[in-house]
Amino acid sequence: MVWKFSDRALALKSSTIREILKIIEQPDMISFAGGLPSSNTFPVEEIKQATDLIMSSDEAFSALQYGPTEGIAPLRKWLAEYLSSRDNTTITPNQIMIVTGSQQALDLIGKALINKGSKVLVETPTYLGGLQSFTQYEPEYISVDSDEKGLLVESLTDEIASQASFMYVIPNFQNPTGRRLPLERRQQLAEKAKRTNLILVEDDPYGELDYQGHRLAGLYTMAPDNTIYLGSFSKILAPGLRLGYIVANEVFIDKLVQLKQSADLHTPSLTQRIAYHVIKDGFLDRHIPKIRELYKSRCQFMLSCLARYMPENVVWSQPEGGMFIWLDLPTHINATELLSEAIQHKVAFVPGETFFANAPKMNCLRLAFVTVPEEKIEAGIQILAQLFKKHANTLEESPVII
Ligand code: PMP
């Protein structure tokens with residue numbers, strides 16, 4: 001059988017992440033590669049109780065029936081109240097659409113806003129899954145300069161900002177670097193967006209995983225008319241529910257509703273109702289601090305191992321929240337090439353190259369720490385440190401060729 005794939009399907013490359021997910025299934029592998037939340041945090045008992053409650057009442061019929069494309073009313077209302085109070089702003093249910101994971105939001109936004117050749121501004125580096133969603137619609141990516149704290153807003157000219165279809169930003173504990181955009185830069189970016197009519201897509205799946213519980217104001221509170229905000233239940237409840245949400249201007253939500261209809265009609269009624277029953281009486285206020293505590297201690301443990309074992313010429317981020325640490329290696333070390341050697345030693349990571357829209361940097365990588373127990377973190381970091389030392393020395397010992 002010869003498949004007559006569309007040009008769009010043919011253009012897709014096999015994802016490094018998908019390849020890596022196959023590897024981490026091997027039981028003896030120490031994997032710092034997966035971006036998965038810790039399954040120890042999944043509220044299994046609460047989900048079971050909520051499901052029992054739904055299934056033993058008339059709600060079972062609505063939960064198993066088709067539902068509204070924009071999501072079930074009680075969940076949208078709950079979100080509007082939660083976000084308004086958390087972020088000291090005013091959000092109405094009509095500004096909210098429930099999506100099948102925030103990944104679907106990225107796809108729908110691409111569909112709604114990108115024509116072939118449209119300019120899309122991204123961070124350097126940025127979330128691979130965002131690039132995968134947008135790339136289907138053939139944008140021209142413009143990578144905006146960033147440093148260890150995030151976007152360098154002054155490097156973005158008003159001219160480029162006003163030409164772009166939108167800018168994709170992950171201000172909180174970014175995937176892949178773990179960095180958080182400082183408040184002054186958020187204000188600068190919000191001002192620029194207002195001045196140049198730039199739409200900001202603020203992707204915030206990690207915002208609640210702030211180890212100190214000290215949230216910085218979101219872009220959507222600073223430039224509400226310019227910002228499409230994306231939230232997710234994947235890191236605070238469970239990703240298998242496939243529940244995310246979009247907050248935006250009602251005109252934009254109406255357009256997205258049309259686009260979502262052709263994608264999946266609506267997000268499953270059952271998972272929306274389960275999540276609603278779990279969270280409606282303040283569960284997250286008790287649950288999120290426990291996740292933060294676990295992730296903070298894993299992060300601090302990995303940071304202490306890095307400090308103990310890594311050679312001097314390796315540097316890494318110091319996340320204040322989230323699930324990732326970013327490593328910069330000496331410039332001659334290619335992290336993608338090193339991955340197969342690391343896998344032979346039963347350690348996996350994601351090479352940094354995959355997270356760049358343009359001009360990939362080869363000497364960097366992402367480490368995820370939340371699913372790995374401490375003894376394995378220590379063993380894995382020791383193995384990686386040995387590999388980096390070996391490769392650093394190889395260069396020093398090789399003859400100089402003029
Ligand atoms: N955005 C970012 C930055 C992510 O890291 C992820 C998940 N890894 C997503 C979106 C998608 O999350 P979900 O679809 O599970 O809500």
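**Reading a predicted model: Thr354, ring pairs and the ligand**

Tutor: Let's begin with Thr354, which is found in the loop between strand S14 (350-351) and strand S15 (364-368). Keep in mind that this is a predicted model.

Student: Why is Thr354 called buried?

Tutor: Thr354 has a relative accessibility of 16%. Buried means under 20%, so Thr354 counts as buried.

Student: How do you know that the side chain of Thr354 makes a polar contact with the backbone oxygen of Pro351?

Tutor: A polar atom of the Thr354 side chain lies 2.9 Å from that Pro351 oxygen. The cut-off for such a pair is within 3.5 Å, so the distance fits.

Student: On to the aromatic rings. How many aromatic pairs does the structure hold?

Tutor: There are nine aromatic pairs in the structure.

Student: What makes the pair of Phe134 and Tyr168 edge-to-face?

Tutor: Their ring centres are 5.3 Å apart and their planes stand at 80°. Centres must lie within 6.5 Å to pair, and planes over 60 degrees apart count as edge-to-face, so this pair earns the name. Phe134 sits in helix H7 (residues 128-135) and Tyr168 in strand S7 (residues 166-169), and the pair links distant parts of the chain, 34 residues apart.

Student: Are these two rings' residues buried or exposed?

Tutor: Phe134 has 0% relative accessibility, and Tyr168 has 0% as well. Buried means under 20%, so Phe134 counts as buried, and so does Tyr168.

Student: Why is the pair of Phe233 and Tyr245 called tilted instead?

Tutor: The angle between the planes is 55°, with 5.8 Å centre to centre. Under 30 degrees would be stacked and over 60 edge-to-face, so the rest are tilted, and 55° belongs there. Phe233 lies in the loop between strand S9 (227-232) and strand S10 (244-247), while Tyr245 is in strand S10, twelve residues apart. Phe233 is buried at 1% relative accessible area, and Tyr245 is buried at 5%.

Student: Now the ligand. How do you know that Asp203 makes a polar contact with the ligand?

Tutor: A ligand nitrogen atom is 2.6 Å from an N or O atom in the Asp203 side chain, and the limit is within 3.5 Å. Ser232 also qualifies: a polar side-chain atom of Ser232 lies 2.7 Å from a ligand oxygen. The protein covers 91% of the 410 Å² of accessible area that the ligand has on its own.

Student: Which kinds of residue form the shell around the ligand?

Tutor: The shell divides into four nonpolar, six polar and three charged residues.

Methods: Residues are numbered from 1 along each chain as its sequence is written. This is a predicted model: local features need pLDDT of at least 70, side-chain atom pairs count only at pLDDT 80 or more; totals for chains, interfaces and linings use all residues. Side-chain values use heavy atoms; hydrogens and water are left out. A polar contact is a pair of N or O atoms within 3.5 Å; within protein, one must be able to donate a hydrogen and the other to accept it, and residues adjacent in sequence count only if both atoms are side-chain atoms. Accessible areas come from the Shrake-Rupley method with a 1.4 Å probe; for residues, only the protein chains shown count as cover. Ala, Val, Leu, Ile, Met, Phe, Trp, Tyr, Cys and Pro count as nonpolar, Asp, Glu, Lys and Arg as charged, and the others, Gly among them, as polar. Helices (H or I, at least four residues) and strands (E, at least two) are DSSP runs, numbered from the N terminus. Buried means under 20% relative accessible area, exposed over 50%, partly exposed in between (1.4 Å probe, protein chains only). Rings of Phe, Tyr and Trp (its six-membered ring) pair if their centres lie within 6.5 Å; planes under 30 degrees apart count as stacked, over 60 as edge-to-face and the rest as tilted.
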